[in-house]
Structures are given as C-alpha cells and as structure tokens.
Amino acid sequence: MTTVGIATGAGRGMGLECARRLTATVDRLLLVDRDEATVRAAADDLSAHGHGAVVEPFVLDITDRDGLPRLAARARELGTLRAVAHAAGISPTMADWRRILLVDLVGTALLAEALRPLATEGTTLVCFASMAAQFGDKGPNPAAESALADPLDARFLDRLRDAVGPDLEDPGTAYTWAKRGVHRFVQREAVRLGRLGARVCSVSPGIVATPQGRQEAAKHPSMKVLVEQSALGREGRPDELAAVVAFLLSDEASFLTGVDILVDGGVCAALAARS
C-alpha cells in the first residue's frame, strides 16, 4: 500500500515544518500552496533533505472549489490517503473580514468535503485553528452558532454578519470567529469520519515565530505583551507546532478525535491566572 500525505500552506512556516515531518511517515507527499515559486522551492528542499517520501508540489488556493477536486483526484491516483496537515490560512492584517472567514473556515470545510471520499481506516486530518478562538465575547449567541454549523451554506457570511453584528467587519473579530468555527467544524467532522475509522483534530497555535506571525506582531504591539506575560515567556517555534501535529497524525494518537489542542506556551493559562 502506498501511503499519501497532504500538507497545505506548505510553502513556509508551520505548514512547511509539518510537511518536513510527514516526509518520514508517508510514501508520497503533496505540498499545497497558492504561491507556485514558494511551493516548488519547498518541494525541492524537502526532496533533497527529507526522509524518503516522494514530494510533489501542488499549486492551489484552498478556497478554489474547482481546484480542490483536482487535489483529491491526484491523491487518489497516488495511493491511500493517510495524513493531512491543513495549515493554510491568513491572519487579520492580510485581508478583510470576508476573505478571512472564507480562507480560514470555509476553506477548511471545502478541503474536508473534497477529501472525505478518500478517508479510510487510519486516515487523519489536523486543521489549524488559533488561540484567538479563546478570546473575545463568548456569551450565548444561538444565531451565530447556527451559522457556524454550516460554513458551506451559500449565505454563511451574511448569516454570521447578521448574528454577530457590525463588529464582525473588524478583521481581528472575524479571525476569532473563523477559528471558533474551525473548532466546531472539527467536532462535527469527527462524527462523520469516525464511521470510516478516520480521525480529525485541530491545533490552536499561540504566537509563533513565522513570517506571518512577525507581520501580525508589527501591527499589534499587544502580542509582545502576551508573549512576555505568558507562562513560558517566549514565542513558539514552527517545529514545536509541527511536533504536536505529527503526534496527532500518528497511530499513537489513535483515540484522539474531535478535539482541539492548545499550543500557546501558556498565554491562555497566564490570562486565566490573572482573571
């Protein structure tokens, strides 16, 4: 049996580090990124310094409804889908509120929908959420919860905007709701995949030293304060997140599904301790 892995957002940062780990656990690895030059360079690097997997770049925007079936078809051609590390996403300084929700939540649901027919015993998907899901207003909002339950609804963005109100148009608020939506999506997807013997989890990174993280920190000085006041008092490294993802994708985590793992260096613990 030829095993296949997929890593999205794999051109750099946490996605690339997840892909690096996957080269040791699958036979064929598809690197997915929307930037062709970046993903081809990453594939060349992993091919030269990996652990034996045949690495193939795949240029794709994760919100491309026509392109995702091509990704699924290619994975099926290569073998049996074993592991998916879905790190592709954008942060608040990178787009407006609609695009953030489309990429970070709707894109996650679209990817899962495209790959679901390939899932079999032992297939595992890990989606990236964020510690941001722990922040903001957490009061009861049944209308928002109802909208989050169906991110592929044609009226999803309008329904969530109606439920949350004009605050959703702030990119940071939209990012928080998108990542909460990932948490909820993983819970529902776990039930669907469990019938096939497959699993899905999410990870919620804190502040990690990546190009994207540095871009956010430059616009939001409060992030430095969060790091300084966190339990460990430092940023995370991409390889530290990748290690957690690798565990979740492994057989050693065979009884974990439908859950989120917070990997934030103790930011949320420190905030809770002071409240």
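This report walks through a predicted model, from its sheet and helices to its pockets and its one cavity.

## The sheet

Let's start with the strands. There are 7 of them, and they form an open sheet with parallel pairing, in the order β3-β2-β1-β4-β5-β6-β7. At the edges you'll find β3 (54-59) and β7 (260-263); each has a single partner strand, so one side of each goes without a neighbour in the sheet. From one strand to the next, the twist averages 20 degrees.

Two of the pairings can be followed in more detail. β1 and β2 run parallel and are joined by 5 bridges, with Ala7 partnered by Leu31 in β2. β2 (28-33) is also mostly covered, as 5 of its 6 residues are buried. Further along the sheet, β4 and β5 are parallel too, with 4 bridges between them. Here Val84 sits opposite Leu125 in β5.

## Helices on the sheet

What does α4 touch as it packs on the sheet? Its contacts are with β1 (3-8), β4 and β5, and its direction makes about 175 degrees with that of β4. Then there's α7, which lies across β5, β6 (199-205) and β7 and runs at about 165 degrees to β6.

α1 (13-22) is worth a look as well. With 7 of its 10 residues buried, α1 is largely enclosed by the rest of the structure. The buried set is made up of Gly13, Met14, Gly15, Leu16, Cys18, Ala19 and Leu22.

## Met14 and Thr210

Met14 belongs to helix α1, and its relative accessibility is 17%. Is that buried or exposed? The cut-off for buried is under 20%, so Met14 counts as buried. Leaving out residues up to four places away in sequence, Met14 touches Phe128, Pro205, Val208, Thr210, Pro238 and Leu241. For Pro69, the story is another one: the C-alpha atoms of Met14 and Pro69 are separated by 24 Å, with their positions 55 residues apart along the chain.

Thr210, one of those contacts of Met14, is in the loop between β6 and α8 (211-219). At 7% relative accessibility, Thr210 is buried. Not counting residues up to four places away in sequence, Thr210 touches Gly13, Met14 and Pro238. Pro238 therefore turns up in the contacts of Met14 as well as those of Thr210.

## The Ala88 loop

Ala88 is in the loop between β4 and α4. Which residues does Ala88 contact, leaving aside its neighbours within four places in sequence? They are Thr8 and Gly9. Ala88 and Gly9 are 79 residues apart in sequence, yet their C-alpha atoms are 3.8 Å apart in space.

## The pockets

The largest pocket holds about 1200 Å³ of space. Of the 46 residues lining this pocket, Gly89, Ile90, Ser91, Tyr175 and Gln212 are the closest to its centre. α1, β2, α4, α7, α8 and α9 (222-229) each supply at least two residues of the lining. By class, the lining of the largest pocket divides into 23 nonpolar, 15 polar and 8 charged residues.

The second largest pocket has a volume of about 200 Å³. α7 gives the largest share of its lining, with 4 residues. Among the lining residues of this second pocket are Phe135, Asp137, Pro140, Asp167, Trp177 and Arg180. The class count for the second largest pocket is 4 nonpolar, 5 polar and 3 charged.

## The cavity

Rolling a probe the size of a water molecule over the atoms shows where empty space is left. How many cavities of 30 Å³ or more does the model have? The count is 1, and the volume of this cavity is about 80 Å³.

Its lining draws on both strands and helices: β4 (80-86), α4 (97-115), β5 (124-128) and α7 (171-194) each supply at least two residues. The lining residues include Leu81, Val84, Ala112, Leu115, Leu125, Glu189 and Leu193. So Val84 and Leu125, which stand opposite each other in the sheet, both line the cavity. By class, the cavity lining has 7 nonpolar, 2 polar and 2 charged residues.

Note on methods: Residues numbered from 1 in each chain as written. Predicted model: local features only at pLDDT ≥ 70, side-chain atom pairs only at ≥ 80, totals over all residues. Heavy atoms only, no water. 1 Å grid on protein atoms, 1.4 Å probe; cavity = no way out; pocket = protein on both sides within 12 Å on 5 of 7 lines; lining within 4 Å. Points joined across faces, edges and corners; volume = space filled by probe spheres on them. Nonpolar A, V, L, I, M, F, W, Y, C, P; charged D, E, K, R; others polar. Pairing = 2+ DSSP bridges. Axes fitted to C-alpha atoms, helices over the stretch in contact; angles between N-to-C directions. Contact = heavy atoms within 4.5 Å. Buried < 20%, exposed > 50% of the residue type's maximum accessible area, 1.4 Å probe, protein only.
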